[in-house]
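Hi everyone, thanks for coming. Let me put a structure on the screen, and then we'll walk through it together.

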Amino acid sequence: MALKIELRPKERFIVGSTVITNGDHRTHIFIEGSEPILREKDIYTAETANTPAKRIYLAVQLMYLNQDIERHRKVYFDLINDFIQAAPSTIGLIDAVNNEILTGSLYAALRRAKELVEYERELIAHAQSGHRSISADDAIDREPARAGGHAASQGGSQASGRQG
């Protein structure tokens, strides 16, 4: 079954290591095969990965697109170790990313890393609001609810990517 992607004008996406840019009109593309695919909205670059969680996401993204965990392992573990030290409440989310990586489910690991980026955004917003603390239960409560693996969160719809 082919993956159907609808692209806005000038929208980009990646297939494997190739960046493809749509022309001036909305387009429907059908892709068959098992190459890793990411839409522009799910892509971070060295410039846009400007927070610790986004850098973790970028490391997982590179693992996924290159289909090579070993190549990015050291950087990834350095990033998560620093992040856990700075924000211990993220351990449940990081464990979820790690579990997906360990099972070779790199697209699902990306979805989990996106949850980490969102949680980091909430932590920063909370810190900027002047509150003294945030409950560690907020991060812990997220992980079990999603750990069962909703099809959409693991690329089941395949709208933004595909596991190979």
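I'll talk about confidence, then a pocket, then a helix.

This is a predicted model, where local features need pLDDT of at least 70, side-chain atom pairs count only at pLDDT 80 or more, and totals for chains, interfaces and linings use all residues. Residues are numbered from 1 along each chain as its sequence is written, and side-chain values use heavy atoms, leaving out hydrogens and water.

The chain's average pLDDT (the predictor's confidence in each residue, from 0 to 100) is 83, and 79% of the residues score at least 70. Over residues 144-164, though, pLDDT stays under 50.

Now, which residues are closest to the centre of the largest pocket? They are Arg-12, Ile-14, Ile-43, Tyr-44 and Thr-45, out of 15 lining residues. A pocket here is an open set of points on a 1 Å grid over the protein atoms alone, where a 1.4 Å probe fits, with protein on both sides within 12 Å along at least five of seven lines; lining residues have an atom within 4 Å of a point. Helix H1 (52-66) gives the largest share of that lining, 5 residues. Domain 1 (1-41) and domain 2 (44-127) each add at least three; those bounds come from an automatic or database domain assignment.

Finally, just after H4, a helix covering residues 106-128, Gly-130 takes a positive phi of about 95 degrees. Helices here are DSSP runs (H or I, at least four residues), numbered from the N terminus.

Conventions:
Helix = DSSP H or I, 4+ residues; strand = E, 2+ residues; numbered from the N terminus. Expected span 1.5 Å × (residues − 1). Contact = heavy atoms within 4.5 Å.
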